[in-house]
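Reader: I'm new to looking at protein structures, and the vocabulary trips me up. Could you walk me through this one and explain how each label is earned?

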Amino acid sequence: LAHFAEWCKWDGVMAQDKLWRAAIYQNDDTLFQWTIKAIEDQCPSPQVLKCWRLIENATCPVCRAAGCSLKHILVGCNSALKQDRYTWRHDSILLDIYRAVREAVNRGRARLKQGMVEKPHQTSFVSNGLLSPVGPVNSSQAARATKSKKVHATSSPQKALFEQSDDWTVQFDLGVPEDGQMKNQPFPAHIAAVAKRPDGLMYSDKLKKLVYIELTSPWEENMKKWHFTKFDKYRKDGIHSIEGWTVIPLCVEVGARGQTNHTWQEMCKALGFKRSVNRALRKRVVDTARRCSYFLWLNRKCKEWCHPKLMGLK
């Protein structure tokens, strides 16, 4: 375990199915095989090849750093970071989340416009009159009393986040001009004066409510560390305490090998995603993270970066 099975040290990562059924029925299982090797840290990185005594030098072909492991290739190469290789994977994952948020906002706006309201939940209970002063009544008496004295109480369910107003504005740090999304947009000036802004902003001026999403795609072992680092960063910047506004911070992590933790469930719950939407989005995000990391792996010996389009963009 000193060289392999690093996943034994993952902290807080949600247990996930390795999709054996999907691997059996898909046409190309190359990505699946690489994912299993990556989780077990058995990909032939320079450090692993040196451990197997197949090579003597384990330096990184891109930045010439010593000890070029899979972790170094996927998240730790300074040259790859400057070339925006990791930003490409990060933004590809963020694009999937943005599309899900955009769809939820449009659905909520349409439901408000059409006057669609969730049916109230109905709760049935029996009044205290069914109980005898000296004890419970017998079963036949209880049955007759239930028919005549059953009381129905209705409770209005809480509306989903994006169904509470029709003026939600969505801003993501993505280059999607057709949707009006641009990179490096400033934080909305009418809300607060903040130097740095999170990856995704959703705000309603009517409700005075702000939701932000900060995405990180770290090595799975460091998920908890980066969660608190990003959370504290925006707390110190003052975003969490904007006067007159209710702020919902959502720092979410999707590992470089496609693993998620409890922050994913918290994000989907806060955004009002249904279980089916949560499941479908998580599957897309996991697939995107793994495909991007696999592409980074294939380019591990290339010193130049080709700057491909984001995954999912035509």
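Reader: Let's start with one residue: what makes Gln171 buried or exposed?

Author: Quick heads-up before we start: this is a predicted model. Now, Gln171 has a relative accessible area of 14%. Buried means under 20%, so Gln171 counts as buried. You'll find Gln171 in strand β5. The C-alpha atom of Gln171 is separated by 6.4 Å from that of Met202, and those two are 31 residues apart along the chain.

Reader: What kind of sheet does β5 belong to, and in what order do the strands come?

Author: An open one, made of four strands in the order β5-β6-β7-β8, with mixed pairing.

Reader: Why do β5 and β8 count as edges?

Author: Look at the partners. β5 (169–172) and β8 (246–253) each have a single partner strand, so one side of each has no neighbour in the sheet. As for the angle, neighbouring strands here are turned by 10° against each other on average, direction ignored.

Reader: How do you know that β7 and β8 pair?

Author: Two strands pair if there are at least two bridges between them. β7 (residues 209–216) and β8 have eight bridges, in the parallel sense. For an example you can find yourself, take Thr216: its bridge partner in β8 is Glu253.

Reader: Glu214 caught my eye. Is Glu214 buried or exposed, and how do you know?

Author: Glu214 is found in strand β7. Its relative accessibility is 4%, so with a cut-off of under 20% Glu214 counts as buried.

Reader: What does the side chain of Glu214 reach, and what makes that a polar contact?

Author: The side chain of Glu214 reaches the backbone nitrogen of Asp199 at 3.2 Å. A polar contact needs N or O atoms within 3.5 Å, and 3.2 Å fits that limit. Try Asn299 as well: the side chain of Asn299 reaches the backbone oxygen of Phe295 at 2.8 Å. Asn299 lies in the segment after α10 (275–298), and at 12% relative accessibility Asn299 counts as buried.

Reader: What about Trp305 and His307: which is buried and which is exposed?

Author: Both are in the segment after α10. Trp305 has a relative accessible area of 9%, so Trp305 is buried. His307 has 53%, and since exposed means over 50%, His307 is exposed. Trp305 also has a partner from elsewhere in the sequence: Gln83 is 222 residues apart from Trp305, yet 6.5 Å apart in space, C-alpha to C-alpha.

Reader: What makes the phi of His307 worth pointing out?

Author: Most residues other than glycine have a negative phi. The phi of His307 is near 50°, which is positive, and His307 isn't a glycine. Asp41 does this too, with a positive phi of about 60°. Asp41 sits in the loop between α2 (30–39) and α3 (46–51), and its 11% relative accessibility makes Asp41 buried.

Reader: Last one: how many cavities of 30 Å³ or more are there, and how much space lies in the largest?

Author: There's one cavity of 30 Å³ or more, and about 70 Å³ of space lies in the largest cavity. A cavity is called that because a 1.4 Å probe fits there but cannot get out. Among the lining residues are Cys60, Val62, Ile73, Arg85, Leu296 and Arg300. The lining divides into eight nonpolar residues, no polar ones and two charged ones.

Definitions and conventions
Residues numbered from 1 in each chain as written. Predicted model: local features only at pLDDT ≥ 70, side-chain atom pairs only at ≥ 80, totals over all residues. Heavy atoms only, no water. 1 Å grid on protein atoms, 1.4 Å probe; cavity = no way out; pocket = protein on both sides within 12 Å on 5 of 7 lines; lining within 4 Å. Points joined across faces, edges and corners; volume = space filled by probe spheres on them. Nonpolar A, V, L, I, M, F, W, Y, C, P; charged D, E, K, R; others polar. Helix = DSSP H or I, 4+ residues; strand = E, 2+ residues; numbered from the N terminus. Axes fitted to C-alpha atoms, helices over the stretch in contact; angles between N-to-C directions. Buried < 20%, exposed > 50% of the residue type's maximum accessible area, 1.4 Å probe, protein only. Polar contact = N/O pair within 3.5 Å; in protein donor to acceptor, adjacent residues only side chain to side chain.
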